[in-house]
Amino acid sequence: MRRHGAAKIIVLHLGVIGLLFLAQFFLPAYHQSNAIRIMVLATYAVGYNVLMGYTGLLSLGHAMFFAAGLYGAGLTIYYLDFTPLQGVGFGILSACALSFVFGLLALRARGIAFLIVTMMFAQALFLTTLYFNEITLGDQGFVLSEKLRTMTIGGAVVKFSDPVVKYNFALMVFSACLLLTLVLARSPVGRVLVAIRENEARTRMLGYDTERYKLLSLVISGTISGVSGAAYALLFAYIGSTFATIQYSIFPLLWVLLGGVGTTLGPLVGTALMFYLIDISSDYTSSYLLVVGAVLLVLVLWFPKGILGTLRERWLSWLP
Amino acid sequence: MAAVTLLETSALCKRFGGLQAVREVNFSLAQGEIRAIIGPNGAGKTTLVGIISGRIKPSSGTITFKGEDITRLKSCQRVMRGIVYTFQVTSVYATLTCYENVALAAQRRLMTGAKGFLTLGEAAIAERVESALDAVGLAASMERPAGELPYGYQRLLEIAMGLALEPELLIMDEPTQGLAEEEIAEFCALTRKIAGRATVLLIEHNMPVVLQLAHKITVMDRGTVIAEGTPAEIEADAEVQRAYLGT
């Protein structure tokens with residue numbers, strides 16, 4: 001698996017990032033703004049994939065990490081006059097801390113029990129955002145004004161409401177997280193995570209403290225999800241309880257399933273595909289979810305391992 | 001053989017509810033020996049080695065390894081001290097290649113400090129993997145998914161994973177189960193080779209294998225050690241005849 005194709009893999013990933021960079025010069029404004037959203041949400045899926053794809057732990061509560069990033073950034077910028085980047089930093093730290101504490105508690109549960117615990121914690125966080133609605137404004141949410149999203153970096157004024165800044169910031173965030181997971185997947189730790197997914201008991205008897213590795217995986221996964229949430233707050237300026245609902249826990253699961261569980265680029269493919277599926281079908285019909293459902297069924301039937309997962313199985317065994 | 005004691009258990013007990021699987025076992029292993037544990041089904045053999053390897057917590061008693069009390073150590077910590085267990089039912093990673101299977105074991109020895117978690121010289125891992133696969137004769141199957149290997153080869157792969165962990169004590173639970181005659185002969189040769197580097201503890205039902213390999217044999221029945229001695233002594237022991245050999 002690891003012993004060949006290192007050059008190919010690096011070229012592929014840098015190529016994808018390069019294409020995304022070039023795309024901003026060709027894409028019409030509408031698709032450009034879609035691409036921004038896709039890159040930010042794909043980052044969320046990338047984070048989800050670390051836990052589910054590489055470590056084999058299924059979560060239905062990742063919205064709590066996304067929301068931790070979103071609120072961590074949004075609230076500090078809104079109330080505490082943090083600069084945009086300070087806010088994003090704080091959002092990321094919040095998600096990191098939350099995933100660590102959550103992991104210590106929840107990883108005692110296994111399998112379905114773990115799944116349920118993730119759901120319950122996420123639900124608790126969602127209700128918390130409603131409970132403190134004097135601060136969070138609940139499901140109505142609040143908006144970061146253009147002024148709050150402007151800062152000077154090295155003398156230059158940077159407006160995070162400017163499409164060019166938005167596009168490149170989203171690209172930077174996505175690329176960093178993508179490359180991080182690529183390094184992780186090919187590192188000794190990545191090898192252990194996959195081993196835990198395949199057979200945890202055996203991995204313990206090879207001398208690995210699997211509990212620690214699962215915690216590490218959860219923290220990386222939660223933190224990347226928080227990066228996405230923080231970037232979302234900054235770039236789209238709206239912070240509301242919707243992002244903490246179970247729906248936002250299910251999205252990354254679907255994106256990853258669609259793109260390919262346990263593939264580095266699967267999250268991007270899955271997110272983009274789902275986004276345009278909804279975008280295009282909703283042009284034609286108000287019952288676009290029916291179309292989405294039908295396409296998902298087709299994919300499950302013919303691409304049970306997701307698009308890249310199936311490609312890897314049939315033709316491209318070197319895909320990481 | 002006035003050898004150094006590698007492992008010693010003292011008054012080791014394990015109860016599963018009402019069942020006393022292991023009772024008051026005082027067991028010791030000398031460095032460098034090949035020891036076989038035999039006994040009828042349910043004698044507590046697997047439970048005993050499970051306790052030694054850390055997979056099962058003892059109800060009471062202590063285990064000392066190279067002079068250190070390891071009773072409270074987790075199995076992964078024991079592996080790092082050199083106690084390696086290979087499974088009774090093969091549990092290789094079926095979807096991963098043989099290389100990856102052994103690499104997982106090999107890199108464990110190299111992963112020290114924070115740096116070891118992110119980058120390791122793949123060359124150093126590859127070298128260890130190749131030598132472990134070579135030792136069991138699987139070098140040619142390096143790139144095959146482990147699940148595609150015939151059963152006997154999976155057992156060998158399991159042993160290669162054990163070897164790559166550089167054991168001081170290699171515990172093998174029924175290693176010849178399901179192997180063909182010629183594979184068993186190869187296994188015996190391999191075990192003798194391993195014994196040059198490590199102490200070997202076998203649970204084995206196949207008496208010819210036990211008699212030709214083991215320096216000493218421990219016989220268990222109903223959770224206790226009923227006899228211990230050289231193969232010749234055990235063959236002559238009347239109580240063993242009654243409990244186990246059945247003749």
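Biologist: In this predicted model, how many residues of chain B are in contact with chain A, and what makes a pair count as a contact?

Modeller: On the chain B side there are 28 residues, and they touch 18 residues of chain A. A pair counts because the C-beta atoms, placed from the backbone, lie within 7 Å.

Biologist: Which elements of chain B supply that side?

Modeller: Those giving two or more residues are α2 (75-81), α3 (98-110) and α4 (115-118) of chain B. α3(B) gives the most, with 7 residues.

Biologist: And how do the residues on the chain B side divide by type?

Modeller: You get 16 nonpolar, 7 polar and 5 charged.

Biologist: Let's look at α3(B) against helix α8 of chain A. Why is α8(A) called oblique to α3(B)?

Modeller: Helix α8 of chain A spans residues 188-198, and its axis comes within 10 Å of the axis of α3(B), crossing at roughly 130°. Angles of 65 to 115 degrees would be roughly perpendicular and those over 145 roughly antiparallel. The crossing at roughly 130° fits neither class, so α8(A) is oblique to α3(B).

Biologist: Which hand does the crossing have, left or right?

Modeller: α8(A) passes α3(B) in a left-handed crossing.

Biologist: Which residues make that helix contact?

Modeller: From α8(A) come A:Pro188, A:Arg191, A:Val192 and A:Ala195, and from α3(B) come B:Ala103, B:Leu104 and B:Gln107. By type they split into 5 nonpolar, 1 polar and 1 charged.

Biologist: On to the sheet in chain B. In what order do its strands run?

Modeller: It's an open sheet of 4 strands, ordered β2-β1-β4-β5, with antiparallel pairing.

Biologist: What makes β2 and β5 of chain B edge strands?

Modeller: Each of them, β2 (19-30) and β5 (68-69), has a single partner strand, so one side of each is left without a neighbour in the sheet.

Biologist: How do you know that β4 and β5 of chain B pair?

Modeller: Pairing takes at least two bridges. Strand β4 (residues 60-65) and β5(B) have 2 bridges, in the antiparallel sense, so they meet that cut-off. As for who faces whom, B:Phe65 stands opposite B:Glu68 in β5(B).

Biologist: Last one, on chain B as a whole. Why is chain B called as compact as a globular protein of that length?

Modeller: Its radius of gyration is 18 Å, and the globule rule gives 18 Å for 247 residues; the two are close, so chain B is as compact as a globular protein of that length. The chain has 10 helices and 10 strands, and its C-alpha atoms fill a box of roughly 55 × 40 × 40 Å along the principal axes.

Definitions and conventions: Residues numbered from 1 in each chain as written. Chains lettered and ligands numbered in written order. Predicted model: local features only at pLDDT ≥ 70, side-chain atom pairs only at ≥ 80, totals over all residues. Contact = placed C-beta atoms within 7 Å. Nonpolar A, V, L, I, M, F, W, Y, C, P; charged D, E, K, R; others polar. Axes fitted to C-alpha atoms, helices over the stretch in contact; angles between N-to-C directions. Parallel < 35°, antiparallel > 145°, perpendicular 65-115°, else oblique. Left-handed = near helix turned anticlockwise from the far one by under 90°. Rg over C-alpha atoms; globule rule 2.2 N^0.38 Å.
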